[in-house]
Amino acid sequence: MKLLKRNWQELNKDTIPSLFSINNKIGIMNGRFSEPIGEKIQEFPKNTWKSEFEKASVCGFESIEWVFDTYDKNPIMNNDGINEIKHISEQTSITINSLLADFFMEKKLFNVSEFDLQKNLEVLRNLIKNSNRLGIKILEIPFVDSSSLKTKEEQSQVISNLEKILPLLEEYDIFLTLETDLPPISFKELILSFNHPNIKANYDVGNSASLGYDMKEELNLYGDLICNVHVKDRKYHGQTVPLGSGNADFELFFNLLQKTNYSGELIIQGAREYDVKPEETCMKYLQFVKKFVDKYQLYNNNESNGT
């Protein structure tokens, strides 16, 4: 593959030196450097995923969170694709430490027939194995929106079904993080129900703001279980909006992260801005997050939360 020249938008490491001064552990969600596909805000960029690594490197990001939403079009599900991902990652020094498995929002792990459940669990098993080959440590399953856990019975099904893959998580040294819209106490109880060190929590700042949850309560209850963070902003009971324009209290959030000694990645999953180029939005968001990372010295945390 021929990598992009580092002169697009006249951005390079000489013009933005401050972004390369520290190891700030800020990553970007796969697809945010590409134009949206149709009306979807998030989808695996099957035609442009290779160029996203170089763009991320030029901007000063350290990692990309991979998106897995369609089995047959995602290179992580075949040997040639895995080798190509690994090669580009090494060339650009952009790592993939986490994978967001949106696939399971449609191909659910609860409320499906036994036949479909076994098919979906097999996909999950393959993802765990392939993630290990790429050095990915965190595999996230979202139980929100169309896959939200509405009842205790649905939670029980998820616990029972995911317990089947716990030995594989151990064998391949993968952390499975769950993202839910459950109230804080219920979410903590769900994670602890597994009684397993490889089951952790994902925290989404914007989703919490949209749901009206108390951030202090959340991080006090299960801050030690969080090993993956999505940086997003949303209006209360509303949609995703550009960082800093919604109801997420980022000052409080990063203050709390410091107090909990969080040392994992911060994955930017901000709203798209349709009147500017994707790379400009990504750069703006990076500077927004880095301001708080610098202020609260999160990069001084040397221990790893699963990454």
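**Entry 1: strand 4**

I take a residue as buried when its relative accessible area is under 20%. The model I consulted is predicted.

I looked up strand 4, residues 138-143, and found six of its six residues buried, so the strand is largely enclosed by the rest of the structure. I then checked its two faces and found both covered. Ile-138, Glu-140 and Pro-142 are buried on one side, and Leu-139, Ile-141 and Phe-143 are buried on the other.

I next asked which strands pair with strand 4. Strand 3, residues 98-100, pairs with strand 4 in the parallel sense over three bridges. Strand 5, residues 175-180, also runs parallel to strand 4 and is joined to it by six bridges. I followed Ile-138 into both partners: Ser-98 of strand 3 stands opposite Ile-138, and Phe-175 is the bridge partner of Ile-138 in strand 5.

**Entry 2: helix 1**

I turned to helix 1, residues 49-59. Here 10 of the 11 residues are buried, so this helix too is largely enclosed by the rest of the structure. Among the buried residues I noted Trp-49, Phe-53, Val-58 and Cys-59, together with the charged-type names Glu-52, Glu-54 and Lys-55.

What do the buried residues of helix 1 pack against? I found strand 1 (26-29), strand 2 (63-67), helix 2 (79-92) and helix 11 (278-296). After the helix comes Gly-60, and I recorded its phi as positive, near 110 degrees.

**Entry 3: His-196**

I located His-196 in the loop between helix 7 (184-193) and strand 6 (199-204). Is this residue buried or exposed? His-196 is buried, with a relative accessible area of 14%.

I listed the contacts of His-196, leaving out residues up to four places away in sequence, and found Leu-166 and Glu-170. I also compared His-196 with Glu-163: the two are 33 residues apart in sequence, and their C-alpha atoms are 9.3 Å apart in space. Within the loop region, a polar atom of the His-196 side chain lies 3.0 Å from the backbone nitrogen of Asn-198.

**Entry 4: cysteines**

I searched the whole structure for disulfides and found zero. I examined Cys-282 in particular. Its closest cysteine sulfur is that of Cys-59, at 6.6 Å; a disulfide needs the two sulfur atoms within 2.5 Å, so this pair is too far apart for a bond. Cys-59 is one of the buried residues of helix 1, and Cys-282 is buried as well, with a relative accessible area of 3%. I also looked up Cys-227, which is buried with a relative accessible area of 2%.

How values were computed. Residues are numbered from 1 along each chain as its sequence is written. This is a predicted model: local features need pLDDT of at least 70, side-chain atom pairs count only at pLDDT 80 or more; totals for chains, interfaces and linings use all residues. Side-chain values use heavy atoms; hydrogens and water are left out. Buried means under 20% relative accessible area, exposed over 50%, partly exposed in between (1.4 Å probe, protein chains only). Helices (H or I, at least four residues) and strands (E, at least two) are DSSP runs, numbered from the N terminus. Two strands pair if DSSP finds at least two bridges between them. Contact means heavy atoms within 4.5 Å. A polar contact is a pair of N or O atoms within 3.5 Å; within protein, one must be able to donate a hydrogen and the other to accept it, and residues adjacent in sequence count only if both atoms are side-chain atoms.
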